[in-house]
Amino acid sequence: MAYDVIVIGSGPGGYVAAIRASQLGFKTAIVERENLGGICLNWGCIPTKALLKSAQVLEYMQHSKDYGITVADAQVDFPAVIKRSRGVADKMSRGVQFLMKKNKIDVIMGNGKLKAKGQVEVTDKDGKATVYDAKHIILATGARARELPNLKIDGKNVIGYREALALPTQPKSMIVVGSGAIGVEFAYFYSTLGTKVTIVEFMPRIVPVEDEDISKELEKIYKKKGIEIMTNSSVEAVEATGNGVKAKVKTATGEITLEADVVLSAVGIAANIENIGLEQLGIKTDKGRVVVDQYYQTNVPGIYAIGDMVPGQALAHVASKEAIVCVEALAYNEKKYAHKPATIDYMNIPGCTYCAPEVASVGYTEKAAREAGYEVKVGKFPFSASGKATAAGATDGFVKVIFDAKYGEWLGTHMIGANVTEIIAETVVARKLETTYQEVLDSIHPHPTMSESVKDAIEVAYGEAIHL
């Protein structure tokens with residue numbers, strides 16, 4: 001019952017940590033209370049993308065005449081859409097099971113918590129508790145939907161993302177509270193399938209962490225799709241009615257009442273730091289997250305934390321990279337790895353939102369760059385001027401780039417359009433390599449592609465536009 005490394009939680013942070021530990025020669029076990037793959041694979045990133053694909057297919061069929069193809073009246077089989085999404089999630093979870101077996105990682109099912117320094121107690125579904133010893137313990141317990149005091153998730157009238165992924169019937173109307181990635185993705189999905197959707201956002205604009213130009217563009221497109229958007233507004237109370245809910249909404253001009261079948265609370269996440277033994281061992285937390293150093297060790301030697309439960313962006317790809325940095329650092333300390341890993345630059349993390357059109361960004365927004373004291377050069381290239389986008393019938397949106405005028409440093413990129421989540425990596429790599437604008441322009445981009453719009457936007461920034 002003794003291991004070199006025990007990981008608690010098997011999401012994209014936990015299972016990656018376990019695999020890398022095993023690769024580096026550690027005897028490794030992973031503890032999971034529900035499904036391998038965690039929230040991301042089972043109730044987050046992956047199944048939502050499956051739902052969004054179904055919505056996109058429906059949109060293609062509804063606009064098939066634009067492409068010279070006539071399709072009979074397309075019908076939505078909502079239970080079948082949900083079933084496909086769950087099937088995709090199940091397949092990915094089985095893939096993680098395979099990876100655990102391939103890497104000779106012991107999977108321990110149950111609720112894991114810290115028993116003492118170097119000890120993990122796991123309670124199985126029958127209530128039986130077993131204690132395991134480990135030299136290194138990595139906490140990767142993730143997060144859950146955050147609840148507002150006046151907007152408690154009851155699973156029926158007020159739902160969270162888990163319920164939204166598996167509703168038995170499609171609601172005729174829905175109020176989405178919050179317009180971050182989760183909110184706008186579900187708003188697009190349900191609206192496209194025919195649900196009347198209203199977004200209520202507390203901040204002055206939707207997708208508030210994005211560049212202001214992105215927010216304006218997405219709001220314009222969503223309103224055109226028939227989605228109602230209320231910014232500077234908050235849901236104060238929700239009351240169940242015989243056939244749905246009434247929501248009292250406070251706006252800048254007064255209070256109004258909205259009626260809908262259901263309310264989806266998408267107001268962010270809360271880290272799962274309760275009941276895992278942090279207090280007993282005196283592990284420090286701050287603002288609901290575990291405090292760690294740059295290699296993810298807590299204040300208690302031998303205990304580490306990664307992913308949504310530590311400060312930083314709560315994103316799957318961030319958790320996975322934190323896992324690798326954490327494991328390689330502890331392996332270096334034990335002379336099982338040749339060098340200390342590079343730490344993560346949290347200013348160079350790509351953010352992706354998979355609504356339609358998609359949103360992708362990395363680095364400084366224009367406002368943040370100016371506030372940081374940079375003199376900036378900004379270029380925008382609309383997809384309406386892109387040959388590939390025009391041929392694809394996907395001309396909504398643009399690419400916006402921000403450069404430091406003095407040295408040509410690439411400060412940030414912000415995109416909205418079809419498949420832009422596949423394009424953002426160019427900026428991430430270029431920023432990592434400290435590339436200047438001239439080096440990007442000297443790199444030949446393939447034509448016709450959506451990705452060449454990045455190069456086109458840089459040309460605009462420097463007054464060298466060819467296609468605009």
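**View 1. Val200 and Met230 are bridge partners in a parallel pair of strands.** In this predicted model, Val200 has its bridge partner, Met230, in strand E11. The pairing of E10 and E11 is parallel and spans three bridges. E10 covers residues 196–200, and E11 covers 228–230.

**View 2. Five strands with parallel pairing form an open sheet.** The order across this sheet is E8-E15-E9-E10-E11. Strand E8, residues 158–159, is one edge strand, and E11 is the other. Each of these two pairs on one side only. Helix H6 packs on the sheet. H6 touches three strands: E9 (173–177), E10 and E15 (262–265). The directions of H6 and E10 make an angle of about 165 degrees.

**View 3. A second open sheet has antiparallel pairing.** Five strands make up this sheet, in the order E20-E21-E24-E23-E22. E20 (351–353) and E22 (376–382) stand at its edges. Each has a single partner strand, so one side of each is left without a neighbour in the sheet. From one strand to the next, the twist averages 10 degrees.

**View 4. Strands E23 and E24 run antiparallel, joined by six bridges.** E23 holds residues 398–404, and E24 holds residues 410–417. Which residue in E24 stands opposite Phe398? Ile416 does.

**View 5. Helices H7 and H12 both pack on the antiparallel sheet.** H7 touches E21 (358–363), E22, E23 and E24. The direction of H7 makes about 0 degrees with that of E24. H12, residues 425–432, touches E21 and E24. Its direction makes about 175 degrees with that of E24.

**View 6. Helices H1 and H9 cross at roughly 30 degrees.** H1 runs over residues 14–23 and H9 over residues 316–333. Their axes come within 8 Å. The crossing is right-handed. From H1, the residues in contact are Val16, Ala17, Arg20 and Ala21. They meet Ser320, Ala323, Ile324, Val327 and Glu328 in H9. Sorted by class, this contact has six nonpolar residues, one polar and two charged.

**View 7. Thr48, Leu51, Leu52, Glu185, Phe186 and Phe189 line the largest cavity.** Rolling a probe the size of a water molecule over the atoms shows where empty space is left. How many cavities of 30 Å³ or more are counted? The count comes to one. The volume of the largest cavity is about 40 Å³. Helix H3 and helix H6 (181–192) are the elements that give two or more residues to its lining. By class, that lining has four nonpolar residues, one polar and one charged.

**View 8. The second largest pocket has a lining of 30 residues.** Its volume is about 1000 Å³. Which of the lining residues lie nearest the pocket centre? They are Gln56, Glu59, Ala356, Ala394 and Ala418. Three helices give two or more residues to the lining: H3 (45–62), H7 (212–225) and H11 (387–392). The largest share, seven residues, comes from H3. The lining divides into 14 nonpolar, six polar and ten charged residues. Two of these helices appear in earlier views. H3 also gives residues to the lining of the largest cavity, and H7 packs on the antiparallel sheet.

Conventions
Residues are numbered from 1 along each chain as its sequence is written. This is a predicted model: local features need pLDDT of at least 70, side-chain atom pairs count only at pLDDT 80 or more; totals for chains, interfaces and linings use all residues. Side-chain values use heavy atoms; hydrogens and water are left out. Axes are lines fitted to C-alpha atoms, for helices over the stretch in contact, and angles run from 0 to 180 degrees between N-to-C directions. Helices (H or I, at least four residues) and strands (E, at least two) are DSSP runs, numbered from the N terminus. A crossing is left-handed if the near helix is turned anticlockwise from the far one by less than a right angle, and right-handed if clockwise. Contact means heavy atoms within 4.5 Å. Ala, Val, Leu, Ile, Met, Phe, Trp, Tyr, Cys and Pro count as nonpolar, Asp, Glu, Lys and Arg as charged, and the others, Gly among them, as polar. On a 1 Å grid over the protein atoms alone, a cavity is a set of points where a 1.4 Å probe fits but cannot get out, and a pocket is an open set with protein on both sides within 12 Å along at least five of seven lines; lining residues have an atom within 4 Å of a point. Grid points are joined across faces, edges and corners, and a volume is the space filled by probe spheres set on the points. Two strands pair if DSSP finds at least two bridges between them.
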